[in-house]
Amino acid sequence: MIEVEGVERRYDGLAVLSEVTLSLPRGGLTAIIGPNGAGKSTLLSVMGRLQKPDAGRVTLEGMDLAQASGRLVARKLALLRQDNHTAARLTVRDLVAFGRYPHSRGNPGPEDHAQVARALAILGLEPLADRFLDQLSGGQRQRAHIAMVLAQDTECILLDEPLNNLDISHAVRIITLVREAAQALGKTVVVVLHDINMAAAHCDRIVVMKGGRILRHGPPAELMQAEFLSAVYETPISVHELAGRLVAVY
Amino acid sequence: MAPEIRKRQIARRLALLTLLAVLAAAAFLLLNARGSWDFLLPFRGRKLAALAVVAVAIALSTVVFQTVTQNRILTPAIMGFDALYVLIQTGLVFGLGAGRVSALDARLVFGLELGAMVLFALLLFRWMFGPAARNLHLLMLVGIVLGTLFRSISGFLQRIIDPDSFTVLQDRLFASFNAVDPGLLTLSALIVAGLALVLWRLVPELDVLALGREAAIGLGVPQERLVLGLLVIVTMLVALSTALVGPVTFLGLLVANLAYLLMPTARHAVLLPAAALIALITLIGGQTLLERVLHYDTALAVVVEFAGGLVFILLVIRGVAR
Ligand SMILES: Nc1ncnc2c1ncn2[C@@H]1O[C@H](COP(=O)(O)OP(=O)(O)OP(=O)(O)O)[C@@H](O)[C@H]1O
Ligand SMILES: [Mg+2]
């Protein structure tokens, strides 16, 4: 589904991504974890063609992102960025409706309205739908942006720290939601997470990044090792089995 | 507030603005008529058309420019258009002498000014949106520096031309709606109408661009191409209005911000017409007030610039600069 081949990204000559190669099959929930500055957001924005790689390429269903039409890609791939600030004065409903732009080009039909209503309902935003974004709390705003991504209704969804600012209940709801989307609807979902336990409990695959490289990737059981995680985060971490799960304690 | 109420409020306000614009135009045409209508109506009609063309061009270009740059206290004039206009005029009078400049075909001068300003702006934009730098502050700085440079050169030239030429020049430098060539006016009106139509068709894309560069790319808008295209349109609109009547720097700022204030929406389908209507009301209403009621012969531009300048300072103080 998504192939990242030998991607390099440099800022002022400083390598932020080096030789990143990753192959994500259709369907499944992949978590990217790693310390601050590891290059997770950069990788996600290269995968979502917000940034062009300095070397290497990314393909989506075989088409090269650098060449594909923006509209076409937007119907197959949606991206939530780590920080979403919008200068425009929009209501939640307006924002979520923008997710339909790739499909409707500003001329929404019944299907578009239905998708917007569905996304609002899923994220529990109905009571807030007519509020302006600057009248929301941080977590509510984050949910509005997630709803916009869902309304885009794409095969592939990239979420950069979607659980930022969310309370436990909403965090669990969203991670469960994307897991179901990956399992039941066959969507390809990538989430950047800082909560290793959340990643281990819900994701099919974990990619561990540090210093612009992918250190290891594989199923959670393989990567939840105290020594490895301690080295990655340069912090003592122990891993225990608890209620049938592997839990990292730090 | 429920969306239906908001929609109705927007529709009401648009209707009110339209009514005011029509009233302003009627007042401008009909008030204080002395002498024969056969002479007066075409004369006033031409002036009204000039006001209208400039109002629409300035309003549309400012709103689009602010959307593209994601900034509400910038106007395209920051690029130093007015200074370049002054420089061209000064250079002409200096190089050819006042007599020959006045005798020049207005169309030629118009074309020259338009061409120079579009070329200048495109070079600046290309550089700004090129791979090297996408930094708005840098662009503003460069615009200000170039503007100062142009002004200095103009100032130097003005000091060394003879006083007679200087008087002619000074007259040419004030924004004036009186002395617009009818042929140029028709041409400008057609161009502005064409560009407005293009913008109207790009309204959904403008809405998406207002979300920011990344969000726009994410939603599949061909961001780079679109921004460059929009800036070309903005440049043509500004250059056209400047070449037609001279520089009106702050009008755009005034009307765009009034439009944002009055219209509780980010949709360009509302903002663009609202800003255009407000500009029409301001320019035509202002001119009517000055000419017909107060019997001032002051250039309206001075008053508009004063009001616009005040709004600018207010915006800066209130820190709307996001
Ligand atoms: N615009 C930029 N200019 C220069 N360096 C940048 C820029 N953006 C990111 N970087 C650098 O690139 C590296 C990777 O950044 P990135 O945002 O991908 O990290 P991350 O893994 O998402 O971190 P976090 O967990 O804090 O979100 C960091 O060292 C950062 O300082
Ligand atoms: Mg990040």
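A salt bridge here is a side-chain nitrogen of Lys or Arg within 4 Å of a carboxyl oxygen of Asp or Glu. Keep that rule in mind for the first view; all the views come from a predicted model.

**View 1. A salt bridge joins B:Glu205 and A:Arg105.**
The side chains of B:Glu205 and A:Arg105 meet with 2.7 Å from N to O, which means the pair falls within the 4 Å allowed by the rule. Across the interface of chain B and chain A, the rule finds 3 salt bridges. Polar contacts turn up here too: 5 residue pairs, both partners at pLDDT 80 or more, are found across the interface.

**View 2. Helices of chain B supply part of the side that touches chain A.**
On chain B, α1 (3–30), α9 (203–209) and α10 (213–218) each bring at least two residues to the side that touches chain A. Which helix gives the largest share of that side? It is α10(B), with 5 residues. Sorted by class, this side of chain B has 12 nonpolar, 4 polar and 8 charged residues.

**View 3. Chain B and chain A meet over a shared interface.**
Step back to take in both partners. Chain A puts 26 residues into the contact, and chain B puts in 24. Between them the two chains bury about 2,000 Å², and carbon and sulfur atoms account for 58% of that area.

**View 4. Ligand 1 sits among 13 residues.**
Coming nearest to ligand 1 are A:Gly37, A:Lys40, A:Ser41, A:Thr42 and A:Gln82. The shell around the ligand is made up of 4 nonpolar, 7 polar and 2 charged residues. Helix α1 of chain A (residues 40–47) gives the most to this shell, namely 3 residues.

**View 5. Polar side-chain atoms of A:Lys40, A:Gln82 and A:His194 face oxygen atoms of ligand 1.**
How far is a polar side-chain atom of A:Lys40 from an oxygen atom of ligand 1? The distance is 2.7 Å. For A:Gln82, a polar side-chain atom lies 2.9 Å from a ligand oxygen. A side-chain N or O atom of A:His194 is 3.1 Å from an oxygen atom of the ligand. Taken on its own, ligand 1 has 630 Å² of accessible area, and the protein covers 59% of it.

Note on methods
Residues are numbered from 1 along each chain as its sequence is written. Chains are lettered from A and ligands numbered from 1 in the order in which they are written. This is a predicted model: local features need pLDDT of at least 70, side-chain atom pairs count only at pLDDT 80 or more; totals for chains, interfaces and linings use all residues. Side-chain values use heavy atoms; hydrogens and water are left out. A residue is near a molecule or strand if one of its heavy atoms lies within 4 Å of it. A polar contact is a pair of N or O atoms within 3.5 Å; within protein, one must be able to donate a hydrogen and the other to accept it, and residues adjacent in sequence count only if both atoms are side-chain atoms. Accessible areas come from the Shrake-Rupley method with a 1.4 Å probe; for residues, only the protein chains shown count as cover. Helices (H or I, at least four residues) and strands (E, at least two) are DSSP runs, numbered from the N terminus. Ala, Val, Leu, Ile, Met, Phe, Trp, Tyr, Cys and Pro count as nonpolar, Asp, Glu, Lys and Arg as charged, and the others, Gly among them, as polar. Contact means heavy atoms within 4.5 Å. Buried area is the accessible area (1.4 Å probe) that two parts lose on being put together, summed over both.
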